[in-house]
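This briefing concerns internal cavities, nonpolar cores and selected residue environments. Please consult the sequence and the structure shown below while reading.

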Amino acid sequence: MKKIIAAAVATAFVAPAFAADVSVNGLVEYAFEDNNGTTSTGFGDNAIYVSASTETANGLSVSADINITGAGEDDGSDSLTIGGPFGTLDLGDTSSATDKFDDRTDKDVMVGGVGVGGQDAGASWTLPSFVNGLTTYVSYGADANEDGVAHTGIGFEYGAGPVEVAYAQNQADEDANDQTYVGATFSFAGVAISYDRMDTGADDADTTETAIGATYSVNDLTFAVTSTEEEDNAGTVTSDVMFYGVKYSLGGGVTAFAEMYSDDVDTDDEATAVGVAFEF
């Protein structure tokens with residue numbers, strides 16, 4: 001009898017842990033890369049994603065994710081998300097307004113890095129949609145989390161049919177860290193053309209990053225090309241990268257890929273990579 005009572009008490013304490021829906025996903029990526037004559041092989045953005053979701057008694061949806069890289073470290077995107085009639089709050093290491101809507105030209109890249117860079121934030125709020133197709137996003141980054149520079153941001157994205165446009169701005173404690181983002185995507189018949197622009201700095205931007213890219217998908221095959229350029233406030237081009245890539249889905253979450261990119265400004269920065277990725 002004592003054992004039965006003890007088991008019942010133990011079950012009462014552990015039962016709440018099973019109230020949430022828990023899932024484990026991940027990514028394993030392996031590639032052979034030739035970087036300006038130096039070859040290397042190895043794993044890339046390997047990670048494990050642990051997520052859980054539940055619903056409170058008053059109908060709020062709550063979810064959490066803990067992400068771990070292949071090196072056994074936090075990958076910097078853990079968050080706690082709360083959703084309800086007020087919209088969605090994302091607490092943790094999340095995207096700022098300028099980071100929320102960028103990466104239009106970078107999403108099909110496996111190894112090489114292209115596109116523009118937005119800031120991270122510690123909290124964000126996706127407001128309820130008052131207009132069909134419109135997303136409004138507010139973010140905040142604290143001093144300690146954002147390299148000593150706090151910032152607030154607001155962004156808007158609107159999609160109608162094949163067209164999607166976005167605008168976002170981060171206002172920082174220091175003008176040199178202000179960011180303004182403009183982006184757009186036009187999709188039709190398997191083709192997607194995207195544009196990203198990020199200005200970072202005060203009135204005369206310290207840096208301007210622009211990227212324009214296109215993808216063409218047919219069945220399980222996707223071709224991608226992107227041009228990324230960075231200028232300083234004097235108008236001097238400091239980076240001019242061309243990227244070409246092709247991906248083929250083998251099914252079951254497995255993708256084979258080949259990529260190449262080169263920087264016309266830094267001629268030592270060029271690489272070719274082939275590999276395979278498994279997402280589960």
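The points that follow are grouped by topic.

The model described here is predicted. It holds two cavities of 30 Å³ or more, and the largest of them contains about 90 Å³ of space. Two nonpolar cores are also described: the largest, with eight residues, and another that lies apart from it, with seven.

**The largest cavity**

- A total of 14 residues line the largest cavity, and those closest to its centre are Arg-104, Thr-105, Asp-108, Ala-214 and Thr-215.
- Strand E12 (191-201), strand E13 (205-218) and strand E14 (221-232) are the elements that each contribute two or more residues to this lining.
- By residue class, the lining of the largest cavity comprises six nonpolar, five polar and three charged residues.

**Thr-226 and its surroundings**

- Thr-226 belongs to strand E14, one of the strands that give two or more residues to the lining of the largest cavity.
- Thr-226 counts as buried because its relative accessible area is 3%, against a cut-off of under 20%.
- At a distance of 3.4 Å, the side chain of Thr-226 reaches the backbone oxygen of Thr-105; Thr-105 is itself among the residues closest to the centre of the largest cavity.
- Beyond its neighbours within four places in sequence, Thr-226 is in contact with Thr-105, Val-114, Ile-212, Gly-213, Val-241, Met-242 and Phe-243.
- Among these contacts of Thr-226 are Val-114, Val-241 and Phe-243, which are also members of the seven-residue core.

**Nonpolar cores**

- The largest nonpolar core consists of Ala-97, Phe-101, Val-116, Tyr-137, Ala-166, Ala-168, Tyr-181 and Met-198.
- Ala-97, a member of that core, touches Tyr-137, Ser-139, Gly-153, Ile-154, Gly-155, Ala-168, Gln-169 and Asn-170 when residues up to four places away in sequence are not counted.
- Another core, of seven residues, lies apart from the largest one and includes Val-109, Val-114, Val-241 and Phe-243.

**Ile-48 and a contact distant in sequence**

- Ile-48 is located in strand E3, which spans residues 47-55.
- With a relative accessible area of 34%, Ile-48 is partly exposed, because this value falls between the limits of 20% and 50%.
- Not counting residues up to four places away in sequence, Ile-48 touches Val-24, Asn-25, Gly-26, Ile-66, Asn-67, Ile-68 and Phe-280.
- Ile-48 and Phe-280 are separated by 232 residues in sequence, while their C-alpha atoms are 9.4 Å apart in space.

Terms used
Residues numbered from 1 in each chain as written. Predicted model: local features only at pLDDT ≥ 70, side-chain atom pairs only at ≥ 80, totals over all residues. Heavy atoms only, no water. 1 Å grid on protein atoms, 1.4 Å probe; cavity = no way out; pocket = protein on both sides within 12 Å on 5 of 7 lines; lining within 4 Å. Points joined across faces, edges and corners; volume = space filled by probe spheres on them. Helix = DSSP H or I, 4+ residues; strand = E, 2+ residues; numbered from the N terminus. Nonpolar A, V, L, I, M, F, W, Y, C, P; charged D, E, K, R; others polar. Buried < 20%, exposed > 50% of the residue type's maximum accessible area, 1.4 Å probe, protein only. Polar contact = N/O pair within 3.5 Å; in protein donor to acceptor, adjacent residues only side chain to side chain. Contact = heavy atoms within 4.5 Å. Core = buried A, V, L, I, M, F, W, Y, C linked by side-chain atoms within 4.5 Å.
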